[in-house]
Amino acid sequence: GLFTDAAARNAARQFNATSKMQVDQYFTSMKSQTSQFNASQRNAQAQFNSGESNVMNRFAAEMMNQRDQFNAQNRLVMLVQY
């Protein structure tokens with residue numbers, strides 16, 4: 001009775017079900033890992049962009065500060081000459 005066609009079909013169904021479940025688990029795992037990687041990359045890119053923005057803001061502030069100092073020194077030179 002163990003080797004009947006029905007037993008073979010049942011065994012095949014169980015094997016296919018197990019295999020399909022393993023394939024589904026694999027793809028679910030891959031999807032989860034891909035999502036985690038993408039989120040990590042988005043966070044890293046956002047941090048980089050934020051850092052670059054801060055660098056540009058500091059540079060602009062430093063340039064304005066140097067311009068203001070230059071203008072102030074030139075005003076003093078102009079006052080001294082007249």
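Here are a few notes on this predicted model, going from overall shape to charges.

1. Fold first. The secondary structure is quick to list: one helix and zero strands. The radius of gyration is 35 Å, while the globule rule gives 12 Å for 82 residues, so the protein is more spread out than a compact globule. The C-alpha trace tells a matching story, with spans of about 120 × 10 × 5 Å along the principal axes.

2. Next, burial. Don't go looking for buried residues here: they make up 0% of the 82 in the protein. About 7,600 Å² is exposed, and 59% of that comes from carbon and sulfur atoms.

3. On to charges. I get 8 positive side chains against 5 negative ones, with the centres of the two sets 8 Å apart. Side chains of opposite charge can pair when their charged atoms come close. In this model the count comes to two salt bridges.

4. One of the two salt bridges joins Asp24 and Lys20, with 3.1 Å between the closest N and O atoms. Why are these residues about one helical turn apart? Because Asp24 and Lys20 are four residues apart in helix 1, which runs over residues 5-81. Asp24 has 36% relative accessibility, so it counts as partly exposed, the range between 20% and 50%.

5. Asp68 and Arg67 also form a salt bridge, and here the closest N and O atoms are 3.3 Å apart. Asp68 is partly exposed at 41% relative accessible area, and Arg67 is partly exposed too, at 45%.

Terms used:
Residues are numbered from 1 along each chain as its sequence is written. This is a predicted model: local features need pLDDT of at least 70, side-chain atom pairs count only at pLDDT 80 or more; totals for chains, interfaces and linings use all residues. Side-chain values use heavy atoms; hydrogens and water are left out. Helices (H or I, at least four residues) and strands (E, at least two) are DSSP runs, numbered from the N terminus. The radius of gyration is taken over C-alpha atoms; the globule rule is 2.2 Å times the number of residues to the power 0.38. Buried means under 20% relative accessible area, exposed over 50%, partly exposed in between (1.4 Å probe, protein chains only). Accessible areas come from the Shrake-Rupley method with a 1.4 Å probe; for residues, only the protein chains shown count as cover. Lys and Arg count as positive and Asp and Glu as negative; His and the chain ends are not counted. The place of a charge is taken as NZ of Lys, CZ of Arg, CG of Asp or CD of Glu. A salt bridge is a side-chain nitrogen of Lys or Arg within 4 Å of a carboxyl oxygen of Asp or Glu.
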